[in-house]
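Please walk through this structure with attention to its charged side chains, its cysteines and its surface.

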Amino acid sequence: ILAILAWTQRKQNDFASARMNFKRAHELGCDECDTYWHWSEMESFNKEWKASAIAAELGLAKFSGDQGLLFRFLG
């Protein structure tokens, strides 16, 4: 639920709240790869390159075969 809330907040440009909820979703063991992609994408949209790479890296720890996350991590 937190990941969906974060995605909604991101769409409303409430980036601080979205960031907090993406992080909390991760801490609670979110098992949706898209969560990490959207989190990383939000950070890159805001030119937070390091935060974008960290979000992608957290996702890659769970979904090592995901090319989208790998692109975000290396890009």
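The paragraphs below take up the salt bridges, then the cysteines, and then a patch on the surface.

The model is a predicted one, and a search of the whole structure finds 3 salt bridges. As background, side chains of opposite charge can pair when their charged atoms come close. In one of these pairs, the side chains of Arg10 and Glu41 meet with an N to O distance of 2.3 Å. This salt bridge links distant parts of the chain, since Arg10 belongs to helix α1 (residues 2-11) and Glu41 to helix α3 (residues 33-45), with their positions 31 residues apart in the numbering. Both Arg10 and Glu41 are buried.

Helix α3 also contributes Glu43, which forms a salt bridge with Arg19, and here the closest N and O atoms are 2.7 Å apart. Again distant parts of the chain are linked, with Glu43 in helix α3 and Arg19 in helix α2 (residues 15-27), 24 residues apart. The two partners can be described separately in terms of cover: Glu43 counts as buried because its relative accessibility is 1%, while Arg19 counts as partly exposed because its relative accessibility is 31%.

Helix α2 also holds the salt bridge between Arg24 and Glu27, whose closest N and O atoms lie 3.2 Å apart. These two residues are both in helix α2 and are 3 residues apart, about one turn of the helix. Arg24 has a relative accessible area of 39% and is therefore partly exposed, and Glu27, with a relative accessible area of 48%, is likewise partly exposed.

Turning to the cysteines, how many disulfides does the model contain? The count comes to 0 disulfides. Cys30 is in no disulfide, and the nearest cysteine sulfur, that of Cys33, is 9.5 Å away; a disulfide requires the two sulfur atoms to be within 2.5 Å, so this pair does not qualify. Cys30 is buried, with a relative accessible area of 12%, and Cys33 is buried as well, with a relative accessible area of 16%.

Which residues form a nonpolar patch on the surface? They are Leu70, Phe73 and Leu74, which together have about 280 Å² of accessible area. Of these, Phe73 is found in helix α5, which spans residues 67-74. Phe73 is described as partly exposed because its relative accessible area is 34%, a value that also fits the patch rule, which asks for over 30% relative accessible area.

Methods: Residues numbered from 1 in each chain as written. Predicted model: local features only at pLDDT ≥ 70, side-chain atom pairs only at ≥ 80, totals over all residues. Heavy atoms only, no water. Patch = residues over 30% accessible without salt bridge, like charges linked within 9 Å, V, L, I, M, F, W, Y side chains within 5 Å. Areas by Shrake-Rupley, 256 points an atom, 1.4 Å probe, with all protein chains shown as cover. Salt bridge = Lys/Arg side-chain N within 4 Å of Asp/Glu carboxyl O. Helix = DSSP H or I, 4+ residues; strand = E, 2+ residues; numbered from the N terminus. Buried < 20%, exposed > 50% of the residue type's maximum accessible area, 1.4 Å probe, protein only.
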